[in-house]
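User: Please take a close look at one part of this structure for me. I would like to know how the aromatic cluster is built and what surrounds it.

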Amino acid sequence: MGVEIERKFLLRGDGWRAQAGSSERIAQGYLVGAEALRAGLARASVRVRLAGERAWLNIKSAELGIQRAEFEYPIPVADAEALLARLCGGVLEKFRHLVTVDGVTFEIDEFLGDNAGLVVAEVELDAPDAPFPRPAWLGREVSALARYYNVNLIEHPYARWTAAERAADDAEEQA
C-alpha cells in the first residue's frame, strides 16, 4: 500500500524564491471532493492532476494528519483534460516550485485564481518523526488544518477566508 507522510507549512516571506530549482504550472480537480468527504460518503479523495505533458489520478485516504494512504497512476493527458472539464466540481491551479535544502526537497505551492495569495510549503518524509531542515522562510505548520488541503480549497477558496483563517490562529480542526 502506498503511504504519504507529508507536513505542510505557511511561509515567512519570499526568501525561498532564490533557491527554487524548478517550477511548473499544475491544474487539478477532484472526482470525489470535499463535500462527499465531509458528509462521510467517501473514504478517499480522487484527484485528477495535469502538469505540462504529464497527467495522473491520485487516490488519497480521507484522514486528517500527516500520514495517509496514497495511490497514484499516470493517465493520458487527453483523459485528464476531459475529466477536469466534465467531471470535476472545479479546478484548482497553482505553480509548484521545488526547493532543495540540505538534500530535502520542499514543494512550494503558489496558488492562482480564487486561491491567489496563498503560498504553502510541503515536505514529504520517510517517517512521521523524520528530521528535516527548517530554513528561515519556513513558517507555522498547518498540517492539521483541513482548509489547507487542496480538496478543500476548491470549495472554500482563500479569497473567502476570514482574517483568523488566514492567520491560522485556530487550534486543530476536524476534517
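Analyst: What follows starts at the ring cluster and moves outward from there.

The model is a predicted one. The structure holds four aromatic pairs. Ring pairs join Tyr 148, Tyr 158 and Trp 161 into a cluster.

Take Tyr 148 and Trp 161 to begin with. Their ring centres are 5.0 Å apart, with 85 degrees between the planes, and the pair is edge-to-face. Tyr 148 sits in the loop between strand E9 (138-141) and helix H3 (150-155). Trp 161 sits in the loop between H3 and helix H4 (163-167). The pair therefore ties together parts that are 13 residues apart in sequence.

Now Tyr 158 and Trp 161. Their centres are 5.0 Å apart and their planes stand at 65 degrees, so this pair is edge-to-face. Planes over 60 degrees apart count as such.

Are these residues buried or exposed? Tyr 148 and Trp 161 are both buried. Trp 161 has a relative accessible area of 6%. Tyr 158 is at 11%, so it counts as buried. The cut-off for buried is under 20%.

Next, helix H3. Val 151 lies in this helix. Val 151 counts as buried because its relative accessibility is 10%. Leaving out residues up to four places away in sequence, Val 151 touches Tyr 30, Val 32, Gly 33, Ala 34, Leu 37 and Ser 45. The C-alpha atoms of Val 151 and Lys 60 are separated by 10 Å, although their positions lie 91 residues apart along the chain.

Helix H3 also carries a charged link. Glu 155 forms a salt bridge with Arg 38, and the closest N and O atoms are 2.5 Å apart. Glu 155 is in helix H3 and Arg 38 in helix H1 (residues 34-38), 117 residues apart. Glu 155 is at 33% relative accessibility, so it counts as partly exposed.

That bridge belongs to a longer list: the structure holds 15 salt bridges. Another pairs Arg 68 with Glu 4, with the closest N and O atoms 4.0 Å apart. Arg 68 lies in strand E5 (residues 67-74) and Glu 4 in strand E1, so the pair ties together parts 64 residues apart in sequence. Both Arg 68 and Glu 4 are buried.

Asp 109 and Arg 96 form a further salt bridge, the closest N and O atoms being 2.7 Å apart. Asp 109 is in strand E7 and Arg 96 in strand E6, 13 residues apart. Asp 109 counts as buried because its relative accessibility is 0%. Arg 96, at 9%, counts as buried too. Salt bridges link Lys 8, Lys 94, Arg 96, Glu 107, Asp 109 and Glu 122 into a network.

Now the nonpolar packing. The largest nonpolar core has 16 residues. Among those with the most contacts inside this core are Phe 106, Trp 137 and Leu 138. Strands E1 (3-11), E6 (91-101), E7 (104-111) and E8 (119-124) each give two or more residues to the core. A second, separate core of twelve residues includes Leu 10, Val 142, Leu 145 and Ala 168. Leu 138 is in contact with Leu 10, and its other contacts include Phe 9, Leu 11, Phe 106 and Phe 132.

Last, the surface. Ile 59, Phe 71 and Tyr 73 form a nonpolar patch there, with about 250 Å² of accessible area together. Ile 59 is in strand E4 (residues 54-61). At 31% relative accessibility, Ile 59 counts as partly exposed.

Note on methods:
Residues are numbered from 1 along each chain as its sequence is written. This is a predicted model: local features need pLDDT of at least 70, side-chain atom pairs count only at pLDDT 80 or more; totals for chains, interfaces and linings use all residues. Side-chain values use heavy atoms; hydrogens and water are left out. Patches are made of residues with over 30% relative accessible area and no salt bridge: like charges are joined within 9 Å, nonpolar side chains (Val, Leu, Ile, Met, Phe, Trp, Tyr) within 5 Å. Accessible areas come from the Shrake-Rupley method with a 1.4 Å probe; for residues, only the protein chains shown count as cover. A salt bridge is a side-chain nitrogen of Lys or Arg within 4 Å of a carboxyl oxygen of Asp or Glu. Helices (H or I, at least four residues) and strands (E, at least two) are DSSP runs, numbered from the N terminus. Buried means under 20% relative accessible area, exposed over 50%, partly exposed in between (1.4 Å probe, protein chains only). A nonpolar core is a set of buried Ala, Val, Leu, Ile, Met, Phe, Trp, Tyr and Cys residues joined through side-chain atoms within 4.5 Å. Contact means heavy atoms within 4.5 Å. Rings of Phe, Tyr and Trp (its six-membered ring) pair if their centres lie within 6.5 Å; planes under 30 degrees apart count as stacked, over 60 as edge-to-face and the rest as tilted.
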